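Hi,

Here is the structure I said I would pass on. Have a look at it, and then read my notes below.

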Amino acid sequence: MDSKAQARPPAPRAERQAYYDDIAQQGLAPLWESLHSLVPPQPRPKAVAAFWRYAQLRPLVLQAGALISAEEAVRRVLILENPGLPGQASITSTLYAGLQLILPGEVAPSHRHTQSALRFIVEGRGAYTAVNGERTTMQPGDFIITPSWTWHDHGNPAEAKGGEPVIWLDGLDIPLIAHLDAGFAENGGTAEQAITRPEGSSFARFGHNMAPVRHRATSDATASPLFSYPYERSREALERLRRDDEIDDWDGVKLRYVNPATGGWPMPTMATFMQLLPAGFHGRTYRSTDATVFSVVEGHGSAHIGEQTFAFGPRDLFVAPAWAPVRLDAAQDAVLFSYSDRPVQAALGLLREERI
């Protein structure tokens, strides 16, 4: 007898299907029928490259203010839904994005949840966010965090200078937390939480490369004790580096926000960045496994994502899916805020990048 295993002829299709039907009754399925889709040669995200022009979104956001109050809505937000993920309230497979509006005299009531959230202020002045007993007045370009399970509310005092509507980008890890079945929420007993520290307290303690002498972070994954990152400080840093450092061929001048107590990310599930593309910048192509959401702060340029090109201006938004080739150009000085799930991928050893 030949020592080599003899190849068996394939079973008839009907016999094979009958077997599949039988094992399905026991909660089983054949791996060989789905192996290639479960373990693909490269990422195959369902999210697609997408672009939202702010000039078209703004009237719709303001119209929502005439239809429903902040109190009734709890959070008056229009979700930015990725066309590749219809009905899932997701901009990527792990991230959520939406534009929130608060009008003069309104309060978005206090609550907390296990989902981590970021606020990036797009338009308007005079409103505030309160996080665990401290308020910060919001200015365009500011980056603010509400870490997991922290009480937070938002308000726009009627007496605020100018009485402007305020709009910001909400970024949350809602889809990721849903995948983990770890979502919990709790409403506060009052619309506005009690204020226990003066505004600017956390920045005084952690915003100057210093920290209270006995402060101890419990781990590198602890959320930042600094919850408001003013745009003027971020912009100043980018401008100084543009003058003094070499311009990166892929990113221009790009910085990541950090937890000042650990040097890690401001929140354990979302990375945040700010970058400056100098006028005339023509970036080289890169790709990464962390799908990224962009919000344009200043300037005009173009984003080349896969086979698509989006001409962007101030306050526009766009998303680059995982592993999609990305190239950024700037017709004039452009500043971009962005966020992704990079901390999760890096912690799990899954992050891959390629500079082409």
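In what order do the six strands of the open sheet lie? The order is 2-3-10-5-8-12, and the pairing is antiparallel. Strand 2 (77–79) and strand 12 (228–229) sit at the edges with a single partner strand each, so each has one side without a neighbour in the sheet. Strand 2 is joined by three bridges to strand 3 (residues 96–102), and the two run antiparallel. One pairing to look up is Leu-78, whose bridge partner in strand 3 is Leu-99.

Keep in mind that this is a predicted model.

Leu-99 turns up again in the largest nonpolar core, which has 47 residues. Together with Ile-91, Leu-169, Met-274, Phe-337 and Tyr-339, Leu-99 is among those touching the most other members. Leaving out residues up to four places away in sequence, Ile-91 touches ten-odd places you can check on screen, including Trp-52, Leu-80, Tyr-96, Val-293 and Tyr-339. There is also a second, separate core of 19 residues, with Leu-277, Ile-305, Val-326 and Leu-328 among them.

Now for the whole chain. Its secondary structure comes to eight helices and 22 strands, and its C-alpha trace spans about 90 × 50 × 50 Å along the principal axes. Of its 356 residues, 46% count as buried. Among contacts with a separation of 6 or more, 74% are between residues 24 or more positions apart. As for charge, there are 33 positive and 40 negative side chains, and the centres of the two sets lie 3 Å apart.

Cheers

Definitions and conventions. Residues numbered from 1 in each chain as written. Predicted model: local features only at pLDDT ≥ 70, side-chain atom pairs only at ≥ 80, totals over all residues. Heavy atoms only, no water. Core = buried A, V, L, I, M, F, W, Y, C linked by side-chain atoms within 4.5 Å. Buried < 20%, exposed > 50% of the residue type's maximum accessible area, 1.4 Å probe, protein only. Contact = heavy atoms within 4.5 Å. Helix = DSSP H or I, 4+ residues; strand = E, 2+ residues; numbered from the N terminus. Lys, Arg positive; Asp, Glu negative; His and termini not counted. Charge placed at Lys NZ, Arg CZ, Asp CG, Glu CD. Pairing = 2+ DSSP bridges.
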